[in-house]
Amino acid sequence: MDWKEVTIYTTTAGIEPVADMLLQNGVEGYVLEDAADFQDFLADTEIYWDYVDEDLMREKSTQETCLKIYLPQDEAGAKQLAAIRAALENLKARDEGSAWGRLCFDTAVTRQQDWEWGWKQYFKPFPVGKSFLIKPSWETVEDAAGRRILEIDPASSFGTGTHDTTQLCIAALEDTVRPGDAVLDMGTGSGILAIAAAMLGGEVRAVADIDANCLKTAQENAEKNHVSIGQGFCGDAARDAAMAEKLGTGYQVIVANIVADVIIGMARLFWDKLSPGGTLICSGILNERADEVCQKLTETGFAIVHAAQSDDWSAFTARKNAV
């Protein structure tokens, strides 16, 4: 079945009355895009931004709050849309001072297949590093050519394995992790790096992320690969001392695929969490920021064991030498 996507334009103040109107007209679910949320996100997570696409910033700065609903592309859907159109006119009449925005809508047709699969058709199995083959759960691999199959479904979390920073970290993990090494994954996303470390024989004791949804996705992906990635911790270890303490110490390997500013800010925390001789693997660093990160790691006491680059991104393997 094809579906009609209906986008209703309003304001943050208009979300509740529009949602109530939809419920009264038989629509129980909707996708909300609140323009205020993006501004709040930027303000709350400023230190996590290393690079933001300028086109995205322009688009989001002019974004209008809207609710998206999906109606069947049939006679029943047409009647429901007509009722919603009339209800929106009634809302306009009640809206003194236009506090609820334009209260109008536009439509587009969405195919069922496109809605359910979308980007999935482009996510195919591919090799990473010397020993891994990354695949989504919906793909079948007949011959892995001796590689470890790492199955990953990212959901809304970062980490399909296609990004350069993820691949740089996996390659570094292959050269670093030894059986039994205690591992901490900071900024776990989909859990792909923690899973890779576990498949290499590491004892992943903890994964951390500022997004609770990432921790859920990471644990689900670990189960698909029949490995344990330890306890999940949600929070900002750079700002929350209690959360940082819960992560424990004595790690032989820490992997952090985050951004340059966070790595710089957490350099001392990484040092404190590692055992003597332990190794920090870090990426998410734009090449133009690599010297800053290298300098901070060196000042903290780390010895840079290896530096790797792609066209745009850098990664470091740094050792905590005994002092």
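The accessible surface of the protein chain comes to about 16200 Å², and 49% of that area belongs to carbon and sulfur atoms. The model is predicted. Of the 323 residues in the chain, 47% count as buried. Its secondary structure amounts to 12 helices and 14 strands. Among contacts with a separation of 6 or more, 66% are between residues 24 or more positions apart.

## Strand S11 and its partners

Strand S11 covers residues 251–257, and 6 of its 7 residues are buried, so the strand is largely enclosed by the rest of the structure. S11 pairs with strand S8 (residues 182–186) through 4 bridges, and the two run parallel. Within this pairing, Asp185 has Val255 of S11 as its bridge partner. S11 also pairs with strand S12 (residues 274–286), again in the parallel sense, over 6 bridges. Here Tyr251 stands opposite Leu274 of S12.

## Helix H12

Which residues of helix H12 are buried? In this helix, residues 290–300, they are Ala290, Val293, Leu297 and Thr300. Viewed down the axis of H12, these buried residues fall within an arc of 100 degrees, so they line one face of the helix. The exposed residues Asp291 and Glu299 are carried by the face turned away from the buried side.

What do the buried residues of H12 pack against? Their contacts are with two helices, H10 (260–265) and H11 (267–273), and with the strands S12, S13 (302–309) and S14 (313–320). S12 is thus a parallel partner of S11 and also part of the packing surroundings of H12. After H12 comes Gly301, which has a positive phi, near 120 degrees.

## The sheet S5-S6-S7

An open sheet is formed by 3 strands in the order S5-S6-S7, with mixed pairing. Its edge strands are S5 (126–128) and S7 (148–151), each of which pairs on one side only. On average, neighbouring strands of the sheet are turned by 35 degrees against each other, direction ignored. Strand S6 (residues 132–135) is joined to S7 by 4 bridges, and these two strands run parallel. One bridge pair of S6 and S7 places Ile134 with Leu150 in S7.

Helix H6 (residues 164–176) packs on this sheet, where it touches S5 and S6; the direction of H6 makes about 55 degrees with that of S5. Helix H7 (residues 192–199) also packs on the sheet, touching S6 and S7, and the direction of H7 makes about 150 degrees with that of S7.

Thr162 lies in the loop between S7 and H6. Thr162 is partly exposed, at a relative accessible area of 46%. Leaving aside residues up to four places away in sequence, Thr162 touches Phe126 and Gln167. The C-alpha atoms of Thr162 and Phe123 are 8.9 Å apart, while the two residues are 39 apart in sequence.

## Positive phi in the loop between H4 and S4

Most residues other than glycine have a negative phi. Ser98 has a positive phi of about 55 degrees although it is not a glycine. Ser98 is in the loop between helix H4 (75–94) and strand S4 (104–111). Leu103, in the loop between H4 and S4, likewise has a positive phi, near 50 degrees, in a residue other than glycine. Is Leu103 buried or exposed? Leu103 is buried, with a relative accessible area of 1%, whereas Ser98 counts as exposed at 51%.

## Cysteines

How many disulfides does a search of the whole structure find? The search finds 0 disulfides. For Cys234, the closest cysteine sulfur is that of Cys214, at 8.7 Å, which is too far for a bond. Cys234 is partly exposed, with a relative accessible area of 43%. Cys66, by contrast, is buried, with a value of 3%.

## Accessibility of selected residues

The table collects the relative accessible areas given above.

| Residue | Relative accessible area | Class |
|---|---|---|
| Cys66 | 3% | buried |
| Ser98 | 51% | exposed |
| Leu103 | 1% | buried |
| Thr162 | 46% | partly exposed |
| Cys234 | 43% | partly exposed |

The class of Ser98 follows from its value of 51%, because exposed means over 50% relative accessible area.

Methods: Residues numbered from 1 in each chain as written. Predicted model: local features only at pLDDT ≥ 70, side-chain atom pairs only at ≥ 80, totals over all residues. Heavy atoms only, no water. Buried < 20%, exposed > 50% of the residue type's maximum accessible area, 1.4 Å probe, protein only. Pairing = 2+ DSSP bridges. Arc of directions from axis to C-beta. Contact = heavy atoms within 4.5 Å. Axes fitted to C-alpha atoms, helices over the stretch in contact; angles between N-to-C directions. Disulfide = S-S within 2.5 Å. Areas by Shrake-Rupley, 256 points an atom, 1.4 Å probe, with all protein chains shown as cover.
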